[in-house]
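User: I'm new to this one. Can you walk me through it?
Analyst: Sure. Take a look, then ask away.

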Amino acid sequence: MSEIASPDAKKEVEFQPYISADRSDIAELTPKAIVIGVIFGIIFGASNVYLALKAGLTVSASIPIAVLAISVLKRLGGSTILENNVVQTIGSAGESIASGVVFTLPGFLFLSANSHGSSYFDYWTIFTLALLGGVLGTLMMVPLRRSLIVKEHGNLPYPEGAACASVLIAGEKGGNLAKLAFQGVGFSFVYALLQKVIRLIAESPALVSSQKNKYFPSATLDGDITPEYLGVGYIIGPRIGGVLVAGGVLAWLGLIPLLASLVPADTIAAQLLKLGYITDLAKAGGPGGWNPATHTFANTATAIYRAYVRQIGAGAVAAGGFITLLKTLPTIISAFKESLSSLREGPGAAAPKRTERDLPLTFVLFGSAGLVLVMAALPFLPGSVLGRLILGILIVIFGFFFVTVASRIVGIIGSSSNPISGMTIATLMATCLIFIGIGWTGDIYQPMALCVGGMVCIAAANAGATSQDLKTGYLVGATPRAQQIGLMIGAVAAAVVIGITVKLLDTPAEALRAAGVEHMIGSDKFPAPQGTLMATLIKGLLSFNLDWQFVLVGVFLSITMELCGVKSLSFAVGAYLPLSTTAPIFVGGAIKGLSDFMATRKGEKVEESELGPGNLFATGLVAGGALAGVLVALLSVNDRVSNAMNSLSVEKMLGESLGDGGYQLLGLLCFSIMSFVLYRISRRPSEA
């Protein structure tokens with residue numbers, strides 16, 4: 001960042017936001033902005049519930065909401081940039097809390113029958129855990145804002161937050177800046193529709209070696225060639241992108257081929273059965289396409305990834321997060337001391353600048369204590385009063401840890417790739433170990449463990465989105481207190497609608513109910529893969545039946561990276577995520593690196609500003625891809641519309657005429673054209 005001096009400099013240059021801290025006359029947390037933000041939060045929260053239940057993934061909504069806020073508020077009489085920022089801040093809480101809820105709480109349905117877990121899968125339990133988890137994520141980010149957003153401004157790019165700020169500033173300034181950003185939005189939106197609806201562009205071209213290959217079985221090189229990943233990669237740059245993809249290279253081109261040559265297919269299938277990915281070894285299906293007749297997988301690499309590598313990656317993420325927290329602890333303690341000293345200064349002290357006004361630390365402390373007491377008092381949550389009190393304390397402790405970890409992770413790779421499932425797995429492991437230590441090993445304790453994992457997952461998901469929002473606010477010059485209040489409002493609205501949406505989608509039609517089907521979640525229509533995994537882990541942990549050896553491999557991977565001088569958390573996230581996610585991000589980072597190299601070679605100024613041409617266009621790529629993804633997700637809720645979109649697909653026709661390899665090469669050609677366009681635009685002179 002151009003505003004921050006190098007680490008070796010003796011004096012840090014003070015960052016100047018777009019709206020000066022001295023300006024106090026600009027409308028911000030207005031009723032108009034709050035209402036529009038709540039509406040967007042409800043819409044995007046509901047759509048993410050559907051998407052997470054259906055496919056086990058979600059989309060980030062901050063940037064799409066920012067784009068929509070500019071247009072909607074303009075038609076309602078105009079707005080300030082700070083009002084637009086409040087709209088996207090409130091709205092983003094909906095989609096982040098939705099992902100945390102749906103990734104974990106459906107696990108109640110898949111716990112052991114004797115645990116009576118399904119009885120806790122009701123509206124009030126879902127609403128309470130969603131609300132408390134969402135509020136916890138926001139509360140924990142109040143004291144962390146100075147240490148992670150302000151003091152790490154030059155080190156943590158927060159790509160979606162920076163991109164969102166660029167969209168808001170470009171919309172405010174207009175002219176060529178807005179034109180370039182919205183050109184990126186248009187280009188990306190058309191590309192994404194061609195990919196997701198028309199299917200002209202393959203979504204994830206892959207090169208996979210045969211399982212029968214003697215030297216390199218089931219090695220996989222693939223990529224989700226989407227515009228948003230390319231844009232995120234350009235924003236974070238080549239160094240972080242390289243460390244991320246390195247973890248994926250080790251997993252998919254190292255560990256998986258090794259395990260494929262050593263572990264028989266029947267053993268892999270038994271492991272998938274143990275984890276809950278396969279319900280019956282006599283039936284075909286599951287990750288990788290198990291064939292019981294031939295005792296083989298259609299895709300052995302995917303099967304091994306689900307059976308072993310994700311556990312290794314989860315261990316690496318947990319260890320990397322713990323190491324990162326230890327390294328960050330001095331900064332966090334310093335931020336706490338600053339907050340406490342401001343409390344001791346009393347009413348006569350000089351008021352902080354508008355852009356430095358957070359909610360008071362007392363609000364955080366009393367809010368966290370209140371959360372514990374509310375947990376203990378509510379009878380419809382699992383456990384006794386004392387048991388729920390212990391749950392509340394564990395949630396606050398683990399919540400603070402993983403909120404910190406989540407914030408740093410999304411500061412590197414963005415909220416869409418936030419590995420909250422890995423952090424939830426680590427939470428469940430620690431919780432169940434504590435339960436075992438105090439003798440809580442019966443089935444009745446399974447729902448209690450899931451409560452801890454679920455709320456920490458929700459808190460970590462919301463903290464990731466909150467971090468991006470606070471970064472956006474830091475860049476545009478928002479008031480942190482206004483954003484934090486907005487996030488609380490968004491959490492309440494999201495909790496109300498998410499609980500309703502989950503229960504509606506879980507309700508079977510009359511014909512299915514007559515046939516004995518009680519829940520749609522867990523069926524082929526809404527398989528809820530993440531919730532199934534969480535329940536399986538809890539059952540395995542509390543019955544002393546978890547494969548700790550894989551988790552420990554991940555732990556020592558992170559330790560090895562730290563000893564090599566590499567930031568272990570970025571590497572661990574790369575090992576946990578599919579290579580298809582990190583590879584296109586790396587391509588975007590490589591384009592940024594090439595552009596900077598060519599600029600240096602020709603004696604030109606290297607692009608550093610968020611409002612440089614490359615960053616603006618990359619911002620547009622992220623925004624347009626996310627907008628198209630959300631639109632397709634919303635339209636897919638209706639079966640009739642979904643079938644109509646499927647009828648537009650040309651994938652089958654192209655597959656028959658070009659062959660499967662030719663169809664994938666066509667996708668790579670389109671991705672290469674988009675990459676070339678991004679590179680050419682990045683080489684334009686900056687107008688910022």
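User: Which residues touch the most other members in the largest nonpolar core?
Analyst: V101, F108, I498 and V502 do. That core has 145 residues. Keep in mind that this is a predicted model.

User: What does V502 touch, leaving out residues up to four places away in sequence?
Analyst: V502 touches V49, V101, V102, F121, I126 and I521.

User: Which residues does the second, separate core include?
Analyst: V245, F297, A301 and A303 are among them. This second core has 28 residues.

User: Why would such side chains be buried together?
Analyst: In soluble globular proteins, nonpolar side chains tend to do that.

User: Switching to charges. How many salt bridges are there?
Analyst: The count is four. One of them joins the side chains of R145 and D358, at 2.6 Å from N to O.

User: Where do R145 and D358 sit?
Analyst: R145 is in helix α4, residues 123–150. D358 is in the loop between α10 (300–345) and α11 (361–377). They are 213 residues apart in sequence, so the pair ties together separate parts of the chain.

User: Are those two buried or exposed?
Analyst: Both R145 and D358 are buried. For D358 the relative accessible area is 12%, and under 20% counts as buried.

User: Which other salt bridge does D358 make with helix α4?
Analyst: D358 also meets R146, at 3.9 Å from N to O. R146 is in helix α4 and lies 212 residues from D358. R146 is partly exposed, at 22% relative accessibility. R145, R146 and D358 are linked in a network of salt bridges.

User: And what about D596 and K592?
Analyst: Their side chains form a salt bridge too, at 3.4 Å from N to O. Both residues are in helix α20, residues 579–601. They are four residues apart, so about one helical turn separates them. D596 and K592 are both buried.

User: New topic. How many disulfides are there?
Analyst: Zero.

User: Then where do C451 and C564 stand, buried or exposed?
Analyst: C451 is buried, with a relative accessible area of 0%. C564 is exposed, at 56%.

User: Last one. What does the side chain of T30 pair with?
Analyst: The side chain of E83, through a polar contact of 2.7 Å. T30 lies in the segment before α1, which spans 31–55. T30 is buried, with a relative accessible area of 16%.

Technical notes. Residues numbered from 1 in each chain as written. Predicted model: local features only at pLDDT ≥ 70, side-chain atom pairs only at ≥ 80, totals over all residues. Heavy atoms only, no water. Disulfide = S-S within 2.5 Å. Buried < 20%, exposed > 50% of the residue type's maximum accessible area, 1.4 Å probe, protein only. Core = buried A, V, L, I, M, F, W, Y, C linked by side-chain atoms within 4.5 Å. Contact = heavy atoms within 4.5 Å. Helix = DSSP H or I, 4+ residues; strand = E, 2+ residues; numbered from the N terminus. Polar contact = N/O pair within 3.5 Å; in protein donor to acceptor, adjacent residues only side chain to side chain.
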